[in-house]
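User: Hello! Could you teach me how to read the features of a protein model, one at a time?

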Amino acid sequence: MFEAASVATPKRRTKKDTLIGRRIPKLDAPEKATGLARYIEDLNFPRMLYGKILFADRPHARIVSIDTSAARAMRGVRAVITAADINLVPFGYGQDNTALKADKVTCIRDEVAAVAADTPEIAAEAVKRIRVTYEDLPVVASPEEAVADGAPIIHEKIADNTPFRYDYSHGDIEAGVGDSHIIVEDTYTLQRQAHCCLGTSGIIASFDADGRLTLHSLTQVPFLYKNDLARIVGVAPEKIRIIQPPIGGGFGSKLDIHPFEPICIFLAMKTSRPVKLVFTREEEFLATPTRQNAVIYMRSGARKDGTFTFRDVRMTLDNGGRTSWGATTPWIMMRSFSSLYRVPHVRQHADIIYTNNIYACAFRGYGNPQATFALESQIDQLADELGMDPLDVRLINAQKPGETTGQGMVLRTCGLKECLETSAANAGWETKRREAEASRNQQTETPNRAATVRERTKEQAGIACSHCRSMVRGVGMASFFHVGGGAKIYRSDGCGTILKLDDFGAVTVLTGSSEIGQGSETVLAQIVAEGLGLPMKNIRVINNDTELTPWDVGVHASRTTFIAGNSVLRAAREARRKLLAAAAARLKREPDQLDLSEGKVVDGATGEALESIGKIIRGLHFGSKNELIMTTDFYEPPSTAPDEDQMGDISACYAFGTHVAEVEVDLDTGVVKVIKVCATHDVGRVINRLGLEGQIEGGIVQGLGYCLSEEVKVSEGRVLNPSFTDYKLMTTWDVPEMELSFVETNDPAGPYGAKGVGESPLIPVAAAVANAVYNAAGVRIRELPLTPEKVLAHLKAASRPAE
């Protein structure tokens with residue numbers, strides 16, 4: 001009775017057009033571009049207070065006393081808390097952290113006290129008035145110092161300062177050594193890198209009259225976070241609601257619970273008022289964990305024909321004074337050592353060692369950039385010793401679809417060979433590599449290469465300029481292996497979806513998967529729109545409120561497109577089935593004779609539009625059946641958790657790719673300029689080409705920063721460069737030309753064949769650039785970042801006559 005009278009009009013044909021592979025702008029782009037997006041800094045609530053933390057600023061000390069009287073006496077201060085005022089529940093991967101520290105600090109970022117006040121300025125001043133008396137203890141500044149005889153014990157329960165060790169092996173290393181014609185070994189040093197999210201860390205905590213806790217939080221794992229926080233702060237998990245405002249960058253930094261979050265909750269609990277706690281940029285550098293630094297010793301071998309024989313790896317990781325997810329990165333690192341290219345014998349050992357330095361957490365790539373730098377640098381060294389083209393060595397050892405790696409990972413699809421060949425062809429690999437090699441070889445008899453090239457450059461230019469700089473160019477390549485369908489870290493790696501259609505053919509998708517800037521909500525909307533034959537404008541995604549959304553394990557391990565994508569696709573297919581059944585009954589046809597396109601039910605053979613989807617839904621709603629179209633799905637990937645020997649098929653699919661970097665090296669100054677990066681990725685299938693290109697480009701730039709300039713510098717436990725003035729990020733002026741290519745292997749388990757690619761583009765960048773520097777200038781640098789000072793020192797060392 002609610003239907004308007006219809007007017008007969010000629011039936012029109014509806015073109016069946018796919019959304020998959022299209023370039024579609026992010027759904028949240030207009031809101032962010034116009035300034036309408038409300039980040040956590042923009043949120044305010046009635047009677048809200050502002051939190052501030054007093055950090056230890058001592059690398060290693062006992063807390064003798066804390067005097068908060070001056071802070072408590074200040075007008076506008078509503079609460080001051082220390083460890084004596086709260087329930088201290090250990091948390092973190094090592095269970096060695098608490099919200100506030102009671103008797104001892106083990107790094108400068110340890111939290112000692114906190115304040116809630118009427119304004120940020122009052123809170124900041126109150127923190128300054130807290131007086132802490134310390135008894136300084138010897139500072140353990142490096143893993144070497146930590147394991148030396150008589151070293152101070154940082155945490156009493158770990159007498160040797162080594163809380164974690166990782167071991168993995170397959171095959172027989174000694175057999176591999178015996179089968180080798182060439183063996184190379186070296187040590188690689190990888191630095192700390194800051195996440196540098198444009199939005200700093202923050203949280204707002206508030207309790208309602210029933211004691212329910214609402215958190216406006218930037219977490220990447222809202223459901224795990226809720227459960228873990230419940231134990232720490234003593235609030236039942238069912239009484240905690242997580243709302244995620246737009247997140248100004250994550251990159252893994254928001255996978256863990258950090259002490260500032262329960263601190264804010266305790267302040268809200270004590271004051272019975274909302275409390276906002278947001279870091280300054282300096283606090284972000286000092287009190288947010290970094291990428292895990294590492295020292296990697298690696299020995300590997302090959303036969304005369306280039307076939308790899310073995311890899312033997314020992315790693316030392318500086319755990320810092322507390323434990324976050326950085327301590328678990330060997331879990332992923334070992335999988336690159338075992339499974340990037342075919343290698344029959346592998347052994348890896350890693351020591352995670354306490355020091356009094358700042359600690360590390362998850363960071364895009366999760367240890368793989370560190371492992372890949374060592375591995376791909378050493379592959380080039382092997383190729384050099386063998387007298388072979390580095391591309392040929394990689395092609396000889398590249399896996400094919402259907403293989404199972406030595407660590408038990410099943411490569412159902414694998415485009416590594418195509419990635420190698422495509423990037424090499426796009427870069428003009430053979431010609432440019434040989435030109436650089438020939439130029440370098442011409443100088444081998446000259447002790448001062450820089451001076452010789454400078455004179456030759458001046459001669460070719462027909463000038464005699466004392467300021468003429470010597471530029472040389474080269475190319476280098478590196479590949480990667482990474483999870484592309486999540487990783488079975490937890491008991492469940494799944495994601496839930498609730499999908500509902502309204503009476504007019506608009507769809508609301510409630511997904512547990514969080515949007516952290518990666519464009520996931522746009523991809524998920526595309527998948528639903530494609531499955532239901534609807535325009536993108538008809539799809540709305542809700543993904544930021546645990547009161548509404550179903551469970552998801554969180555945003556990590558390049559899992560969202562694959563796992564959340566499969567969940568929404570399956571929910572959309574069930575809704576499609578219901579729609580077509582209803583349409584078939586209304587139109588007196590069989591469901592398999594119909595299709596959905598552009599918001600219409602169409603003839604499956606001719607594409608003729610027969611009825612609007614909205615009208616079909618209204619017919620169900622207001623007809624005799626009185627039904628709504630709502631579907632749910634929970635997708636759990638077919639991956640398996642590793643066994644006690646670290647063997648197992650941990651991801652539902654695996655991503656591969658190859659980058660070729662072309663660089664220019666200034667032999668006078670050591671400055672390395674990246675001219676071009678050719679990147680080819682096995683993505684399964686392209687879903688949103690625009691978003692995919694943005695991910696690859698952003699990952700390359702972040703990888704260039706890791707390679708060339710970024711380092712959180714720490715000395716005697718103190719951070720020396722906690723600002724963007726002294727921490728050197730890449731800028732637009734540093735971004736090279738990029739040529740991107742995608743290999744579509746159509747993974748059978750992925751949504752429309754897609755794999756995850758979120759972390760991948762950063763992983764091989766540093767190794768490709770370092771290999772290119774060797775090709776250009778003849779110096780192999782094994783320590784990141786490749787600063788001008790470091791490169792110049794290597795050039796000078798290489799130019800000295802052998803003694």
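Analyst: Happy to. Please keep in mind that this is a predicted model. Let's begin with sheets: strands of a sheet pair through backbone hydrogen bonds, either parallel or antiparallel. Here, 4 strands make an open sheet in the order β19-β18-β17-β23, and the pairing is mixed.

User: Which strands stand at the edges of this sheet?

Analyst: They are β19 (539-542) and β23 (630-635). Each has a single partner strand, so one side of each is left without a neighbour in the sheet. On average, neighbouring strands of this sheet are turned by 15° against each other, direction ignored.

User: How many bridges join β17 to β23?

Analyst: Strand β17 (residues 495-501) is joined to β23 by 6 bridges, and the two run antiparallel. To find a pair by eye, look at I498, which stands opposite T632 in β23. Then look for the helix: α16 packs on the sheet, where it touches β17, β18 (507-511) and β23, and its direction makes about 150° with that of β23.

User: What does α16 touch in the sheet made of β20, β21 and β22?

Analyst: Let me set out that sheet before the helix. Its 3 strands form an open sheet in the order β20-β21-β22, with antiparallel pairing. The edge strands, β20 (594-597) and β22 (609-612), each pair on one side only. From one strand to the next, the twist averages 30°. Helix α16 (residues 560-587) packs on this sheet, touching β20, β21 and β22, and its direction makes about 120° with that of β20. As for the pairing, β20 and strand β21 (residues 600-603) are antiparallel over 4 bridges, and D595 has V602 in β21 as its bridge partner.

User: Is strand β5 buried or exposed?

Analyst: In a regular strand the side chains alternate between the two faces of the sheet. In strand β5 (residues 111-117), 7 of its 7 residues are buried. Two strands pair with β5 in the antiparallel sense: β1 (residues 49-55) over 6 bridges, and β3 (residues 77-82) over 5 bridges. You can locate these pairings from F55, which stands opposite E111 in β5, and from V80, which stands opposite V115 in β5.

User: Let's turn to helices. Why do the buried residues of α11 line one face of the helix?

Analyst: An α-helix has 3.6 residues a turn, so residues three or four places apart point the same way. In helix α11 (residues 390-397), the buried residues are P390, L391, V393, R394 and N397. Seen down the axis of α11, they fall within an arc of 165°, so they line one face of the helix. These buried residues pack against several elements, including β14 (308-320), α10 (368-386), β16 (471-483) and α19.

User: Which residues have the most contacts inside the largest nonpolar core?

Analyst: In soluble globular proteins, nonpolar side chains tend to be buried together. The largest nonpolar core in this model has 139 residues, and those with the most contacts inside it are L215, I296, F337, V663, V665, V769 and L786. Helix α19 (residues 765-777) contributes the largest share, 10 residues. Take F337: beyond its neighbours within four places in sequence, its contacts include I296, M298, V313, V343 and L375. There is also a second, separate core of 47 residues, with V509, A525, I527 and F562 among them.

How values were computed:
Residues numbered from 1 in each chain as written. Predicted model: local features only at pLDDT ≥ 70, side-chain atom pairs only at ≥ 80, totals over all residues. Heavy atoms only, no water. Pairing = 2+ DSSP bridges. Axes fitted to C-alpha atoms, helices over the stretch in contact; angles between N-to-C directions. Contact = heavy atoms within 4.5 Å. Core = buried A, V, L, I, M, F, W, Y, C linked by side-chain atoms within 4.5 Å. Buried < 20%, exposed > 50% of the residue type's maximum accessible area, 1.4 Å probe, protein only. Arc of directions from axis to C-beta.
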